[in-house]
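This report covers aromatic contacts, the main pocket, strand pairing and burial in one protein chain. Please read it with the sequence and the 3D view open.

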Amino acid sequence: MAITIVNAPAVSRLSSSPPEVATSGTTLSQIAAQDILKWAQAASISAIVPANGTTEMASRSCAMMLLGAAMFTAMSSRVVCGETSSDAIWHNKIPVALSEPAVDIDKDPNLLHRYAENAGTKIHYVTMGSHQKPLMVFVHGFPDFWYSWRNQIQAFSADYQVVALDLRGYDLSDRPEGVENYKFPVLLDDIRAVINAERNGRKAILIGHDWGAALSWLFAGQNPDLIERLVVLSVPHPGAITRELLPWNHPIAQAKASAYATRFFARGKGDNLTAQDLAYWVVDPQVRSRYVEAFAKSSISSMMNYYKANYAFSQLALNLFDPTMKKLTGAVIKCPVLHLHGIEESHALLSTIDLEKSWIENPDNLTVKIVPDVGHFIQHEVPDYLNQTIASWLKDSGS
């Protein structure tokens, strides 16, 4: 596992060249010792380990109690404030206007809109590039839609067939009702439907951000026959995040980092968000208008169902022991993985990244790049750096 940190202050939102990186072998503790120490100090019970002979039932009870206490503490914490109602604020850093290049991809005649179907639910996606070239599939997160990848679509379509989908509930994809329609296995089937619609015997390079990253981790583990390379932005493996919530790791700190999500349903306010609320983080007026338009077509309730189905306290606790989820989160990933993570990302502890190598069949196949001065929205904040980093990694890893 190679962890590198991009040398500050070389990151430039206007530069077309990627910053230099440190030599491989730099440890995560060397990269962000102060951050990890801060989070470790917040986790006052992180040193607790189960005693020998503890029964499985006692372990379950302990884990559920600690997880509950952690989430209660996090939900009681103050939300980051901004111009928008605090109920809508979930990210600690808003990408600056200069990070929003004016890519008017909607008018590109080479951009095609298509649909794939999963058990009667239509999933919208766009594609650009020749089907005779390698397949590259992008999966967005919350709150976003296919347009999040406009800079990547433009950059990679010359050498790849690029596909960017709308997750169910977003923009032009169907919006089925019911929390059960947003559980992990169903969402993974949506990605499978899109890949199968376009792959023509090819394996895909899968790239995901936020929820798209979480889904991409799980999809790659479940479908080694479909994925040849995996790139994830901002979100560690879901199993690693769950593991951080166990009492002998950093449950309080991770629960605080995840508190934005638990507030959505714990206080019942997520369903009342508006399209304008969801687009609060988009600064460029033209881009913001495009986001508000897409979110107005989307289902806020569907977006919240992602969290209710997979992220509620009761569900997280059950996921620790549910056979289906253990199979999903326990699958070994056989392909090379590139994980890009902003140092100012607030929703996942950097220590979690150290845990995710447990899910990689060959830990040497995991490359982690920690990017300073960058928060949650890497593809918006440093699109040129991201594009060149992905292209370079794909070339180096033989794709």
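The sections below describe a predicted model, one topic at a time.

## Aromatic pairs

A pair of aromatic rings is described by the distance of the centres and the angle of the planes. The structure holds 17 aromatic pairs. One of them is formed by Tyr182 and Tyr306, with 5.4 Å from centre to centre and 55° between the planes. That angle is neither under 30 degrees nor over 60, so the pair counts as tilted. The two residues come from distant parts of the chain, 124 residues apart: Tyr182 lies in the loop between strand 5 (161-165) and helix 5 (184-198), and Tyr306 lies in helix 12 (residues 300-310). Both Tyr182 and Tyr306 are buried.

Another pair consists of Trp281 and Tyr291, at 5.3 Å centre to centre. Their planes are 75° apart, and the pair is edge-to-face because this angle is over 60 degrees. Trp281 sits in the loop between helix 10 (275-278) and helix 11 (285-297), while Tyr291 belongs to helix 11, 10 residues away. Trp281 and Tyr291 are both buried.

## Aromatic cluster and charges over rings

Tyr182 and Tyr306 also belong to one aromatic cluster, whose other members are Phe142, Tyr170, Phe184, Trp211 and Tyr307. The ring of Tyr182 has a further partner: the charged end of Arg168 sits over it, 5.9 Å from the ring centre.

A similar arrangement involves Arg290 and Tyr147. Here the charged end of Arg290 sits over the ring of Tyr147, at 5.2 Å from its centre.

## The largest pocket

How much space lies in the largest pocket? The volume is about 610 Å³. The pocket is lined by 31 residues, and those nearest its centre are Pro238, Gly239, Ile241, Thr242 and Thr329. By class, the lining has 16 nonpolar, 11 polar and four charged residues.

Which helix gives the largest share of the lining? Helix 7 does, with five residues. At least two lining residues each come from helix 6 (211-222), helix 7 (238-244), helix 12, helix 13 (313-319) and helix 14 (323-330). Helix 12 is also the element that holds Tyr306.

## Strand pairing

Strand 2 (residues 112-118) and strand 3 (residues 121-128) run antiparallel and are joined by seven bridges. Asn118 stands opposite Thr121 in strand 3. The two strands form a hairpin with two residues between them, and Ala119 in the turn has a positive phi of about 50°.

Strand 6 (residues 204-209) and strand 7 are parallel, with six bridges between them. In this pairing Ile205 stands opposite Arg229 of strand 7. Strand 7 (residues 227-233) is mostly covered, with six of its seven residues buried. In a regular strand the side chains alternate between the two faces of the sheet.

## Pro251

Pro251 is placed in helix 8 (residues 251-257). Is Pro251 buried or exposed? Its relative accessibility is 0%, which is under 20%, so Pro251 counts as buried.

Pro251 can also be located relative to the pocket lining through Ile241, one of the residues nearest the pocket centre. Pro251 and Ile241 are 10 residues apart in sequence, and their C-alpha atoms are 9.5 Å apart in space.

Key. Residues are numbered from 1 along each chain as its sequence is written. This is a predicted model: local features need pLDDT of at least 70, side-chain atom pairs count only at pLDDT 80 or more; totals for chains, interfaces and linings use all residues. Side-chain values use heavy atoms; hydrogens and water are left out. Rings of Phe, Tyr and Trp (its six-membered ring) pair if their centres lie within 6.5 Å; planes under 30 degrees apart count as stacked, over 60 as edge-to-face and the rest as tilted. Helices (H or I, at least four residues) and strands (E, at least two) are DSSP runs, numbered from the N terminus. Buried means under 20% relative accessible area, exposed over 50%, partly exposed in between (1.4 Å probe, protein chains only). A charge sits over a ring if NZ of Lys or CZ of Arg is within 6 Å of the ring centre and within 35 degrees of the ring normal. On a 1 Å grid over the protein atoms alone, a cavity is a set of points where a 1.4 Å probe fits but cannot get out, and a pocket is an open set with protein on both sides within 12 Å along at least five of seven lines; lining residues have an atom within 4 Å of a point. Grid points are joined across faces, edges and corners, and a volume is the space filled by probe spheres set on the points. Ala, Val, Leu, Ile, Met, Phe, Trp, Tyr, Cys and Pro count as nonpolar, Asp, Glu, Lys and Arg as charged, and the others, Gly among them, as polar. Two strands pair if DSSP finds at least two bridges between them.
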